[in-house]
Structure formats: structure tokens, C-alpha cells
Amino acid sequence: MENIADSDLMDALSKISDIADRSTIRFLKDVASRYALNTIAYFGVSVTGQNETDPYLAVTYPPEWVAHYKNHQYVDVDPVVRLGFRRLLPLDWDEFGKPTGRLKSFFGEAGDFGIGSRGLTVPVHGRRGDGALFSVTSDISARDWASAKLLYMRDFQVLAMHIHDHVLGIEGHASETASLSPRELECLQWIAEGKTAWECAVILGLSQHTVRCYLESARHKLHATSNTHAVSIAHRAGLLFDPL
């Protein structure tokens, strides 16, 4: 995965706010190309006021596979759907083991339609009873997958959360008061005290890229246009301490 620059996650995050209505698929295709993936799928439930039988679906799959999947009622077989929502941590499709029976047919047919043989699913659990599964697939070797998976787990846990949040906004759900993670607060606190991202990284013992991702995530949650703007919003909300 040497061709993926550290700036790719931040660039993708910055474009999420530009997603309008159902243009989510166009955004996902861009991300799939950026990360050299076969496919990406976002499967959201309880985001449109409907039940799980009418989810919000945005996928880069061929339309023929989507129709084939529905016609064969593969939702009843698909282990991603059956197990994904029960998980808190990402689900590596290797955990399914060697498929047999109808499941073997399911994965074999998926491969015929260009769905990657290796996959990772990131579950998202909302606070309104909403949720989502964000899945990526690839056909790279087992050796390459072992290292690529680490990158995917790092980046797509962040992307999945923000895409889900944006879909909720598209579907008319009012935003809730931002809840920043401890790391996001730490990074903003040091920015508020005049430190650069590099200095924050040194202080917190993190990479500069990781600090920038935390800052990008905080800006997104606070709907801020810059770090200074995010610090101002966080101060008004009482989330930060005044510098000594």
C-alpha cells in the first residue's frame, strides 16, 4: 500500500461535507480508487425513519450483483449482515472460515461479479438506534492483506463514522451536541495553547499524521472550518480548559 499517501484520509474526510443527497456512491467510488479497492459498501439502518427492511444503501457494486443479491434473498445468508451489527470492532472476512453449502455459492457468485475475495467490515452504532456497516473488498494476496488491513482499520473506522453522520444529516436528523474523544480534546487543547500539529505529536507521543486525523475529526464533529474555529467552538461549549 505504498501508493497511499498519509494525506488521503484527511482529503477524503474534507470531501464528506460535499456529499449531497444520494451522491454518496460517487464519493465511495473515489475512495475505492484512492485505496485500490475492488468495492466499498455503506449499509445504513434506521437512518431514514424506516426499519431494517428498507435500509439506506450506497455501494460501488455492479447493479447486476445488487439485483442478483436481492432476487436470491442473500441477505438471509450474508454473514456480513448477520454478524456485523453484533460487533463493535471491525470484522475481517477471513473469520468466516472456509464457506460451504449456500454460503460457498454466495461468495463464489459475488466473486464472479467483481466483489473482492477479502473483505473488512466496520460497524457503526448510533445513539438513536441507527447503525451501519461499512465494507471494503480486495483481491490482494494474503500477505499483502495482512499489512493493508491495518491501514484499512485505521482509516475506515474514522471514515465510516463520518459518512454515517453525514447520511443522517442528509436524511434530516438534527445534529446532536458534539461529543469529542479524549484524544481529540487533547489535540485541540494543545492547539488552543499555541502548539503546532508536530508539537502536539511530540507531546502526546503520536505520529503527526495521527494528530492531524484527530484534528480533522474534531473539526468535522464541531462543523468548524479550521483548527482555530474548532478551538473557538470548543471553548464556547466548555470543552476546553483555559490556558494557564
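A pocket, as I use the word here, is an open set of grid points with protein on both sides within 12 Å along at least five of seven lines. I keep in mind throughout that the model is predicted.

Entry one, the pocket. I looked up the second largest pocket and found a volume of about 730 Å³. I then listed its lining, which comes to 28 residues, with Phe43, Leu57, Tyr69, Val75 and Val81 lying nearest the centre. By class, I noted 21 nonpolar, 3 polar and 4 charged residues in this lining. When I asked which elements supply at least two lining residues each, I obtained the strands β1 (39-45), β2 (56-59) and β5 (131-138) together with the helices α3 (63-71), α4 (79-84) and α5 (101-112). Helix α3 gives the most, with 4 residues.

Entry two, a residue of α3. I turned to His68, which lies in that helix, and I recorded it as buried because its relative accessibility is 19%, the cut-off being under 20%. Setting aside neighbours within four places in sequence, I found His68 in contact with Tyr74, Glu109 and Phe113.

Entry three, a helix pair. I examined α6 (residues 142-170) against α9 (residues 208-222), whose axes are 11 Å apart and make an angle of about 10°; I therefore describe the two helices as roughly parallel to each other. On the α6 side I listed Arg154, Met161, His162 and Asp165, which meet His209, Ser217, His220 and Lys221 of α9. The residues of this contact divide into 1 nonpolar, 4 polar and 3 charged.

Note on methods:
Residues are numbered from 1 along each chain as its sequence is written. This is a predicted model: local features need pLDDT of at least 70, side-chain atom pairs count only at pLDDT 80 or more; totals for chains, interfaces and linings use all residues. Side-chain values use heavy atoms; hydrogens and water are left out. On a 1 Å grid over the protein atoms alone, a cavity is a set of points where a 1.4 Å probe fits but cannot get out, and a pocket is an open set with protein on both sides within 12 Å along at least five of seven lines; lining residues have an atom within 4 Å of a point. Grid points are joined across faces, edges and corners, and a volume is the space filled by probe spheres set on the points. Ala, Val, Leu, Ile, Met, Phe, Trp, Tyr, Cys and Pro count as nonpolar, Asp, Glu, Lys and Arg as charged, and the others, Gly among them, as polar. Axes are lines fitted to C-alpha atoms, for helices over the stretch in contact, and angles run from 0 to 180 degrees between N-to-C directions. Angles under 35 degrees count as roughly parallel, over 145 as roughly antiparallel, 65 to 115 as roughly perpendicular and the rest as oblique. Contact means heavy atoms within 4.5 Å. Buried means under 20% relative accessible area, exposed over 50%, partly exposed in between (1.4 Å probe, protein chains only).
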